[in-house]
Amino acid sequence: MSRPFRFGVNLLTPAPAEEWRAKCRRAEELGYDVILVPDHLGMPAPFPALVAAAEATRRPRLGTFVLNAGFYNPALLAREVATTDALTGGRLELGLGTGYVPAEHESAGLPYGSPGERVDHLRHTVTELGRLLGSGELPRSRVPLLIGANGDRMLRLTAEHADIAAFTGARPGSAPGSLEPLTAEELDERVARYRGLAADRAQPAELNLLIQLVAVTDDPEPVLKPLLERQAQLTLDTALALPIVLAGPLEELVARVRAQRERFGFSYLTVLEPYMEAFAPVMERLREESA
C-alpha cells in the first residue's frame with residue numbers, strides 16, 4: 001500500500017523577521033507538512049531560521065534540506081541539532097548531504113575534497129551524530145534523518161541510516177556546482193539500486209523527490225524556456241517528461257504526481273520557494289482525492 005503524501009517547501013530567500021514569519025505562516029496556511037531551509041551561502045542560516053519558523057507556526061515539521069556536511073564539525077553540529085529540536089518542540093527533521101558547490105567551500109575557507117572524501121566525512125558525521133544524540137548528554141536523543149543521495153556510495157549510506165531517502169533527480173554537471181536532470185529511466189535505475197541496498201531494512205524509508213519547477217498552465221513552453229536554454233540536451237517534450245518538472249494543466253499534474261508515487265515510490269515531495277503558491281492547488285487536489 002502506498003504511503004500517504006507529505007509535502008514540503010524549501011524556503012530559499014533571507015528576509016527580515018516579520019517577513020520570514022509571514023512566509024512560514026503562509027506555507028502552513030497552504031497546507032505544507034514541512035517547512036525546510038537549504039544550506040547554501042547567501043541563503044538563510046538553517047537553524048535560527050527554523051527556530052523562527054517554529055515560533056510562527058504550529059503544525060508543520062521543520063527541516064534542513066540539506067545541510068552541507070563539509071561545513072560542520074560533528075560534535076558542534078550535534079549541539080545545534082539537539083538545541084534546535086528542543087526549541088522547535090521536537091519538530092525537527094535533519095537533512096544531510098555531501099555538498100556539491102566547490103566555490104562555497106572556498107568562500108568558507110574549508111576543504112572541498114574528492115567525492116570519496118566528502119562521502120567519508122558524511123558517513124563519519126552520521127555515525128557521530130548517532131552516538132552523541134543518543135548519549136544522554138544533549139536535550140534530545142533522536143530526530144528523523146533524511147539523506148540526499150544519488151551515487152552508489154551515498155545510496156548505500158542512505159539505505160543503512162536514513163529515515164527519509166531524498167532523490168535529487170539530478171547529477172553533477174560538467175561545470176563545477178552545476179546539475180543535470182535525470183530522465184525517468186535514469187531515476188528508475190537509481191531508485192532500484194537504492195531498493196536493492198535497502199532490502200534488509202526492518203522499516204522501509206520514506207522516499208522524497210525535490211521538484212525543481214512547477215507551473216499550472218495550458219502553455220508550458222514559455223515557462224520551460226529558461227530550463228531549455230540552460231540544458232541544451234533537452235527538447236520541450238523531454239523536459240516535460242522529467243520527474244523533477246511539473247508543468248501543464250492542473251488535472252494532468254495531479255495525475256503525474258500520483259503516477260510517480262506508483263512508479264518510483266515518492267510520497268514526500270519538496271518544492272522550491274518560488275513555486276510554493278503554484279503547487280498549492282496540486283497539493284489540495286491530491287488531499288481531496290485521499291480524503
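Is T235 buried, partly exposed or exposed? Keep that in mind as you read these notes on the predicted model; the reply comes in the first point.

1. **A loop residue to start with.** T235 counts as partly exposed, at 44% relative accessibility. Look for T235 in the loop between α8 (221–230) and α9 (236–240). From there you can find K225, which is 10 residues away along the chain, with 9.9 Å between the two C-alpha atoms.

2. **The overall build.** Now step back to the whole protein, which has 11 helices and 13 strands. Its radius of gyration is 18 Å, close to the 19 Å that the globule rule gives for 291 residues, so the protein is as compact as a globular protein of that length. Along the principal axes, the C-alpha atoms fill a box of roughly 55 × 40 × 40 Å. Of the 291 residues, 51% are buried.

3. **Leucine L146.** Strand β6 (residues 145–149) holds L146. This leucine is buried, and its relative accessible area is 4%. Try finding A166 as well: A166 and L146 are 20 residues apart in sequence, while their C-alpha atoms are 6.6 Å apart in space.

4. **Leucines L213 and L250.** L213 belongs to strand β11 (residues 213–216) and is buried, with a relative accessible area of 9%. Along the chain, L213 is 34 residues from A247, and the C-alpha atoms of these two are separated by 7.4 Å. L250 sits in helix α10 (residues 250–264). What makes L250 count as buried? Its relative accessibility is 19%, and the cut-off for buried is under 20%. L250 also has a partner to look up: T217 is 33 residues away along the chain, with 7.4 Å between the C-alpha atoms.

5. **A cis peptide bond.** Most peptide bonds are trans. Here is one to look at: the bond from F65 to V66 is cis, and its omega is near -15°. V66 lies in the loop between β3 (61–64) and β4 (67–68).

6. **Aromatic pairs.** How many aromatic pairs does a search of the whole structure find? There are 6. One of them joins F71 and Y72 in a tilted arrangement, with 6.4 Å from centre to centre and 50° between the planes. F71 and Y72 are both buried. Another pair, F167 with Y194, is edge-to-face: the centres are 5.9 Å apart and the planes make an angle of 90°. F167 lies in strand β7 (residues 164–167) and Y194 in helix α7 (residues 184–197), so this pair ties together parts that are 27 residues apart in sequence. F167 and Y194 are buried too.

7. **A ring cluster.** Follow the rings of F167 and Y194 a little further. Ring pairs link these two with F264 and F266 into a cluster.

8. **Charges over rings.** Which ring does the charged end of R6 sit over? That ring belongs to Y268, and the charged end of R6 is 4.4 Å from its centre. There is another arginine to find: R261 lies over the face of F5, 3.9 Å from the ring centre.

9. **The largest pocket.** Rolling a probe the size of a water molecule over the atoms shows where empty space is left. The largest pocket holds about 1,300 Å³ of space. Its lining is made up of 50 residues, and those nearest the centre are Y100, T168, A170, L179 and Q212. By type, the lining has 28 nonpolar, 17 polar and 5 charged residues.

10. **The second largest pocket.** About 300 Å³ of space lies in this pocket. It is lined by 15 residues, and R3, R195, P204, A205 and L207 lie nearest its centre. Here the lining divides into 7 nonpolar, 4 polar and 4 charged residues. To finish, try picking out R195 among the lining residues, then move along to Y194, which is part of helix α7 (residues 184–197) and of the ring cluster from point 7.

Conventions: Residues are numbered from 1 along each chain as its sequence is written. This is a predicted model: local features need pLDDT of at least 70, side-chain atom pairs count only at pLDDT 80 or more; totals for chains, interfaces and linings use all residues. Side-chain values use heavy atoms; hydrogens and water are left out. Rings of Phe, Tyr and Trp (its six-membered ring) pair if their centres lie within 6.5 Å; planes under 30 degrees apart count as stacked, over 60 as edge-to-face and the rest as tilted. Buried means under 20% relative accessible area, exposed over 50%, partly exposed in between (1.4 Å probe, protein chains only). Helices (H or I, at least four residues) and strands (E, at least two) are DSSP runs, numbered from the N terminus. A charge sits over a ring if NZ of Lys or CZ of Arg is within 6 Å of the ring centre and within 35 degrees of the ring normal. On a 1 Å grid over the protein atoms alone, a cavity is a set of points where a 1.4 Å probe fits but cannot get out, and a pocket is an open set with protein on both sides within 12 Å along at least five of seven lines; lining residues have an atom within 4 Å of a point. Grid points are joined across faces, edges and corners, and a volume is the space filled by probe spheres set on the points. Ala, Val, Leu, Ile, Met, Phe, Trp, Tyr, Cys and Pro count as nonpolar, Asp, Glu, Lys and Arg as charged, and the others, Gly among them, as polar. The radius of gyration is taken over C-alpha atoms; the globule rule is 2.2 Å times the number of residues to the power 0.38.
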